Amino acid sequence: MTASARPLGADLARIAVFAALIVVLGTVVVPVPGGVPITAQTLGVMLAGLVLGARRAPLAILVVLALAAAGLPVLAGGRGGLGVFVGPSVGYMIGWIAGVVVIGLIAHGARFTWWRAGIAALVGGILVIYLFGIPIQALITGVPLGPTILSSLVFLPGDLIKAAVAVLLAVALRRAYPRAFPAARRVVHAG
């Protein structure tokens, strides 16, 4: 049975596991000025994109966001409720959805390799999330974009470390349990 023919229950279980992982990693929090804490949740987001791919990973993110909207304390520092969707970190949460799609497309667009996973984590897990998060944070806090970009640089070293850890874990998981990953696309050459 190929990964694409995998039973729905197996996919739902993987989505639930990654949603739970993202929630658990949210308990690792370092508060910083500006309302957006340093958190390990983005490690879970990067792992979801690398392991689940572009189709399934956004569902794990949506589960976490739905639980937060329902008031459960599933976001960094035990936050939840509709108020988080009008706070300074909402752009980053929106970026998680776009980020995992980009991660999945890059990592699984061809044969899964450590360097492809690394590029995916950097582009989708950092750049895309920042492209959503920083402007929305600036808008909500009323701080001009330039200073918001500069203050957001505090996140970059930690995010680079999280990207490296996500790649190492994903590569190890790929070797140990390849069935957890989307099926490799087969390229058919004409001629």
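Begin by selecting Asp-159, which counts as buried at 6% relative accessibility (buried is under 20% relative accessible area, exposed over 50%, partly exposed in between, with a 1.4 Å probe and protein chains only). Before going further, keep in mind that this is a predicted model, in which local features need pLDDT of at least 70 and side-chain atom pairs count only at pLDDT 80 or more, while totals for chains, interfaces and linings use all residues. Residues are numbered from 1 along each chain as its sequence is written, and side-chain values use heavy atoms, with hydrogens and water left out.

**A salt bridge within H6**

Add Lys-162 to the selection, and you will find its side chain meeting that of Asp-159 in a salt bridge, 2.9 Å from N to O (a side-chain nitrogen of Lys or Arg within 4 Å of a carboxyl oxygen of Asp or Glu). Lys-162 is buried as well, with a relative accessible area of 12%. Both residues belong to helix H6, residues 156-176, where they sit three residues apart, about one turn of the helix.

**The whole chain**

Now zoom out and colour by secondary structure: the chain comes to six helices and two strands (DSSP runs numbered from the N terminus, helices being H or I of at least four residues and strands E of at least two). Following the sequence from its start, you pass through the pattern α-β-β-α-α-α-α-α. The chain has 191 residues, of which 44% count as buried. Of the contacts between residues at least 6 apart in sequence, 68% join residues at least 24 apart (contact means heavy atoms within 4.5 Å).

**Helix H1 and its two sides**

Select residues 8-25, which make up helix H1; its 18 residues reach 26 Å from the first C-alpha to the last, close to the 26 Å expected at 1.5 Å a residue (the expected span is 1.5 Å times one less than the number of residues). Show the side chains of Asp-11, Arg-14, Ile-15, Phe-18, Ala-19, Ile-22 and Leu-25, which are the buried residues of H1. They cover an arc of only 135° around the axis, which puts them on the same side of H1 (the arc is that of the directions from the helix axis to the C-beta atoms). Turn to the other side, and you meet Val-17 and Val-24, which are exposed. Among the elements that cover the buried residues of H1 are strand S2 (38-39), helix H2 (41-69) and helix H3 (90-108).

**From H1 across to H2**

Stay with Asp-11, which is buried at 11% relative accessibility, and add Arg-56, which is buried with a relative accessible area of 8%. These two form a salt bridge, with their closest N and O atoms 2.9 Å apart. Because Asp-11 lies in helix H1 and Arg-56 in helix H2, the pair ties together parts that are 45 residues apart in sequence.

Follow H2 along its length next. Its end C-alpha atoms are only 17 Å apart, whereas a straight helix of 29 residues would span 42 Å at 1.5 Å a residue. Centre the view on Gly-53, where H2 has a kink of about 130° (the bend at a residue is the angle between axes fitted to the seven residues ending there and the seven starting there). Of the 29 residues of H2, 21 are buried, so this helix is largely enclosed by the rest of the structure. Just after H2 comes Gly-71, with a positive phi of about 100°.

**Helix H3 and its neighbours**

Pick Gly-99, a residue of helix H3, which counts as buried at 0% relative accessibility. Leaving aside residues up to four places away in sequence, Gly-99 touches Gly-124 and Val-128. The C-alpha atoms of Gly-99 and Gly-125 are separated by 5.5 Å, although these residues are 26 apart along the chain.

**The kinked helix H4**

Finish with helix H4, residues 114-141, whose 28 residues should span 40 Å at 1.5 Å a residue, and whose end C-alpha atoms agree with this at 38 Å apart. Look at Tyr-130, on which a kink of about 35° in H4 is centred. Gly-142, whose phi is positive and near 75°, follows H4.
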